[in-house]
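Let's take a walk through this structure together. Have a look at the picture, and then we'll go through it piece by piece.

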Amino acid sequence: MSQQIQNKEKCSRCGKNNLVTESGELFCSSCGFVIAEKISDSGPERMFSDTSVNKSRTGDRTSLTRHDQGLSTIINPLNKDASGKPLSALMKASLNQLRKLNSRSSVNPSVDRNLQQALSELLKMKEKLSLSDAVAEKAAYIYRKALERKLVRGRSISALIASSLYAACRESGIPRTLKEVSSAINITKKDLSACYRLILKELDLKMPVVDSVSCIAKIASIANLSEKTKRYAIKFLKKAEQEQILAGKDPMGMAGSALYLASIMTDEHITQKDIAMAAGTTEVTIRNRCKNLRSLNVS
DNA sequence: TAAGATAAGAGGGACAT
DNA sequence: ATGTCAGTCTTATCTTA
């Protein structure tokens, strides 16, 4: 899902004409300079089943705040996914079930109430985590599927909607950690991850592994690191990928360590503590990952 | 003060029972 | 369904340069 979209502007650092947007960040594919984060995705993201097709992307809120007026807007009848590709037969089938659920829920006060509460929580989280509408839409969609599977029974709405949002982030390749999401809605990381795994299992979702390279941009901007350092860090990660030492490791930890080692090479002194803070992990983890990474020869 | 080392504890996956 | 096992990450504490 992480398609790159070319942009016409020039990079303000290297001047080249290679700006792309990916994972909600606008950056230069030549030098890696990040021009803006959290920009709204310019790709196709919604289709409308009603007649008002020409709504501006940046205009009014649409389906998210209209849960009480008509759920049908969120599931378009075209059987296309967010990027406009046709859906698989399996997806079509589940969409049909979902439409049935929607038509039923308008006369089912309990489901309706649940949705209202979940969506208002979702909006809060979306603001706190600075996420795009597209991700929120995706999260709402996942949540409805979870509702349909009766996954709320015995679980808190907060946990379920939070894990839906986390899943949406993962699917979109936007780096948000379990920790960030869980603290945005005041549930424990443990609950969130348990709920997230349940959703993956029950809904049979397949998530891409978090790309540690995309974590680099995030950490580096928090820690104020130079482009040069970032480039070295990416080299480290590429090498690490070849050597297959990335598997099973926390991507934020890997990215943080790569940046740390890179910052030594570029004489850009940053402490392990600061890196760990920026990466949302601990110094110990940074050190352990560094041990793995040090055996690699990157020049 | 920063970095390295060590140990205890938690949570989750794989696998067997 | 439940238990065990190996591997990972986190937290806390101590040592080293």
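What follows starts with the DNA and then turns to a pair of helices.

Keep in mind that this is a predicted model. So, which residues sit around DNA strand B? They are K190, S193, R197, Y260, T271, Q272, R287 and R294. Sorted by class, four of the residues on this surface are charged, three are polar and one is nonpolar. If you're wondering where they come from, two helices, α6 (189-203) and α11 (283-294), each bring at least two of them. The largest share, three residues, belongs to α6.

Now look at it from the DNA's side. Sugar or phosphate accounts for 83% of the atoms of strand B that lie within 4 Å of the protein, while the rest belong to bases. A couple of phosphate contacts are worth finding on screen. The side chain of R197 has an N or O atom 2.5 Å from a phosphate oxygen of DNA strand B, and for the side chain of Y260 such a distance is 3.4 Å. The bases get a visit as well: R287 places a polar side-chain atom 3.2 Å from a base nitrogen of the strand.

Next, the helix pair. Two packed helices are described by the angle between their axes and the distance between the axes. For α4 (residues 157-172) and α5 (residues 178-185), the angle is about 145° and the axes are 10 Å apart. Their crossing is right-handed. On the α4 side, S158, I161, A162 and Y166 make the contact, and α5 answers with L178, V181 and I185. This contact has six nonpolar residues, one polar and no charged ones.

Notes: Residues numbered from 1 in each chain as written. Chains lettered and ligands numbered in written order. Predicted model: local features only at pLDDT ≥ 70, side-chain atom pairs only at ≥ 80, totals over all residues. Heavy atoms only, no water. Near = heavy atom within 4 Å. Polar contact = N/O pair within 3.5 Å; in protein donor to acceptor, adjacent residues only side chain to side chain. Helix = DSSP H or I, 4+ residues; strand = E, 2+ residues; numbered from the N terminus. Nonpolar A, V, L, I, M, F, W, Y, C, P; charged D, E, K, R; others polar. Axes fitted to C-alpha atoms, helices over the stretch in contact; angles between N-to-C directions. Left-handed = near helix turned anticlockwise from the far one by under 90°. Contact = heavy atoms within 4.5 Å.
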